[in-house]
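Let's work through a few exercises together, one small step at a time. Keep the structure open beside you and try each task before reading its solution.

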Amino acid sequence: MKDILFSFSLANLFFVRVWYLLFVHARRGNNYFQKEFSSINHFVALIIDMFLLAAVIWCGKTLLKRLQTEPVRLLGIWIFFVGLWIPLGSVCKILSWNGIHWMHYLDLDYLSSECNPYAAALAISFSWAITLALLVRCREPVFNGLRAFVIIMFPLFLMTLAQAIWYPCVHLANFTREETQIRSATHLSPNEPTEIPRVLWLLFDEMDYEKAFLMRLGNNCIPAISQFAQESFCAAQAFPPAGTTLKSMPALFTGRKVSAASATGTDVLMITYAGEQASHRWKQQVNVFTETKKLGGTTRLYGWYHPYGRILGQDLDECFWLSAQAYPVLSLSGTMVKYFGALKNDNFLPDSPLVSKQNHIELFNKIHDVSLQAISEIPPGLTFIHFPVPHPPYIYDRSKESISSSSTLEYFDNLALADKTFGELRSGMVKSGSWKNTIIILTSDHWSKDKEKGNSQWDRRVPFIIKMNPPAKAIAYEKPFSTVVTKDLILALLKREIANYDDLSAWLDTHGGNWEPV
């Protein structure tokens, strides 16, 4: 019986890091960033892997017992010692993920990167020598103690198994699901559509003003957007309401700066407005789409990161959104193989699916295709498109002008992809005839995050370009303002309170407000 308990407990400890990450992303708050619950294959495959490993451990232990020779027993003990390095490394990683930074020093890669390579090699060799000497001298008591510890940890296996069954059952039953597109009957009355302007709001995630317009390399990457800026109203001192998409998007849509945001459910983002203590559900807040519908306009949204369909679906006539997180779609056997590989390879671990290049390429391609279809006909009202570039990971090779998963790509590659996308949108609108009669706003939600964070004075500006309808002589607006006013600006445009670029300048002079990001 002890051998069975030992085998299952040790197998569970081997996979503890993978289970930890899978459970973290199965919890309610993290489901906010998922289109749908992760495939049940991930849970079933990992359970099977764990049972298979337990069977291998039990068979090995039984075989060693039957051979009953001292050399064989000694071999088994040393295999056990060496094998324990995997669960020990897993525990260290889990602790370091939770903020215990000193645990990084048990990570050999971290040690070698932080210290002189020769000193690190010497320290590692010395540590191994001491450990080996202790194990040789005190082999039996150490082995017996570790074996007893593994058996004592058997309840952790039962807890793991219970969670692996509970999470899929509960969340698959209750997880909010939406159609890829939400379409509802138009609410417009026959006499209103011609009186409401057409506004297209384009938001390129993490497009940085300094990198795009002030750096020579960046300027060379955006010929289409540069031309657009030279023809339009271009602000040189536009500051986003916050430095993250999580806070910036609720702020831009509600027209109020958000100082804190926390996801607590599949459709629940609790936001705290700047200067307030109380938190509010973003879903229940009046937003730019609510107000646009009151004016009789059509509301359409295409984007990523936030679950827009769940949060704003009641205010949208059409919606297409993709999640920030996605797991690889594999067969059960394929998932089993990948999770076995994950014992020593972090590439497949579900700690941050957002950084997966393959997922980001798929995200971009789908939103790109949908947006090209959407701009073929811009209805009166507000159309909003949130692109996942130039936000990392970097997926475009500007030298080859093609999508790529190369590891050598950088921010300016994705910036070139954003420009290429805008150029395609413009060409499509010119071809359909919607370019001339549509007000276009091009901006971003926050600056580039890969700037030096140790410098509190880094440039936090984002692009803010507007083409009025009909186009007029270009204006460069130099006064600082916060883009949190975009909501009120759009409503003013829809009400035709702003007729030209001079009106727009005067409006921003009055409403620019406190431009410092939260």
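How many salt bridges does a search of the whole structure find? The search finds twelve salt bridges. Keep in mind that this is a predicted model.

**Exercise 1. Oppositely charged partners**

Task: Examine the salt bridge between R426 and E231, and find where each partner sits and how exposed it is.

Solution:
- Step 1: Start with the general idea. Side chains of opposite charge can pair when their charged atoms come close.
- Step 2: Check the distance. R426 and E231 meet with N and O 2.9 Å apart, and the cut-off for a salt bridge is 4 Å, so the pair qualifies.
- Step 3: Locate the partners. R426 belongs to helix α18 (residues 411–432) and E231 to helix α12 (residues 223–231); with their positions 195 residues apart, the pair links distant parts of the chain.
- Step 4: Judge the exposure. R426 has 18% relative accessibility, so R426 counts as buried. E231 has a relative accessible area of 31%, so E231 is partly exposed.

**Exercise 2. Two bridges that involve loops**

Task: Describe the bridge of K283 with D267, then do likewise for D509 with K479.

Solution:
- Step 1: In the bridge between K283 and D267, the closest N and O atoms are 3.0 Å apart.
- Step 2: K283 is in the loop between β7 (280–281) and α14 (288–294), while D267 is in the loop between β5 (258–265) and β6 (268–273); they are 16 residues apart.
- Step 3: K283 is partly exposed because its relative accessible area is 30%. D267, at 17% relative accessibility, counts as buried.
- Step 4: For D509 and K479, the closest N and O atoms are 3.3 Å apart.
- Step 5: Here D509 lies in helix α20 (residues 501–511) and K479 in the loop between β15 (475–477) and β16 (481–482), 30 residues apart.
- Step 6: D509 has a relative accessible area of 40% and is therefore partly exposed. K479 also counts as partly exposed, at 47% relative accessibility.

As an extra, look for a network: salt bridges link R398, E410 and D413.

**Exercise 3. A charge without a partner**

Task: Decide what surrounds K247, given that K247 has no salt bridge.

Solution:
- Step 1: Find K247 in helix α13 (residues 245–254).
- Step 2: Look for a side chain of opposite charge. The nearest is D445, 12 Å away, and K247 is buried.
- Step 3: Look for another polar atom. The K247 side chain reaches the backbone oxygen of S259 at 3.5 Å.
- Step 4: List the contacts, leaving aside neighbours within four places in sequence. K247 touches A242, V258, S259, A260, A261 and V518.

**Exercise 4. Rings and charges over rings**

Task: Classify the ring pair formed by F8 and F51.

Solution:
- Step 1: Set the scene. The whole structure has 29 aromatic pairs.
- Step 2: Use the geometry. The ring centres of F8 and F51 are 5.1 Å apart and their planes are at 70°, so the pair is edge-to-face.
- Step 3: Place the rings. F8 is in helix α1 (residues 2–14) and F51 in helix α3 (residues 40–67), 43 residues apart.
- Step 4: Add the exposure. F51 is partly exposed, because its relative accessible area is 36%.
- Step 5: Look for a cluster. Ring pairs join W201, F253, W282, F289, Y308 and F384.
- Step 6: Look for charges over rings. The charged end of R256 sits over the Y273 ring, 3.8 Å from its centre, and K467 lies over the face of W435, at 5.4 Å from the ring centre.

**Exercise 5. A buried loop residue**

Task: Work out the surroundings of V462, a residue in the loop between β13 (438–443) and β14 (464–467).

Solution:
- Step 1: V462 has a relative accessible area of 0%, so V462 is buried.
- Step 2: Compare sequence with space. V462 and A238 are 224 residues apart in sequence, and their C-alpha atoms are 5.8 Å apart.
- Step 3: Beyond neighbours within four places in sequence, V462 has contacts including M207, Y209, P240, H446 and T483.
- Step 4: Step back to the protein chain, with its 20 helices and 16 strands. Of its 518 residues, 52% are buried.

How values were computed. Residues are numbered from 1 along each chain as its sequence is written. This is a predicted model: local features need pLDDT of at least 70, side-chain atom pairs count only at pLDDT 80 or more; totals for chains, interfaces and linings use all residues. Side-chain values use heavy atoms; hydrogens and water are left out. Helices (H or I, at least four residues) and strands (E, at least two) are DSSP runs, numbered from the N terminus. Buried means under 20% relative accessible area, exposed over 50%, partly exposed in between (1.4 Å probe, protein chains only). Lys and Arg count as positive and Asp and Glu as negative; His and the chain ends are not counted. A polar contact is a pair of N or O atoms within 3.5 Å; within protein, one must be able to donate a hydrogen and the other to accept it, and residues adjacent in sequence count only if both atoms are side-chain atoms. Contact means heavy atoms within 4.5 Å. Rings of Phe, Tyr and Trp (its six-membered ring) pair if their centres lie within 6.5 Å; planes under 30 degrees apart count as stacked, over 60 as edge-to-face and the rest as tilted. A charge sits over a ring if NZ of Lys or CZ of Arg is within 6 Å of the ring centre and within 35 degrees of the ring normal.
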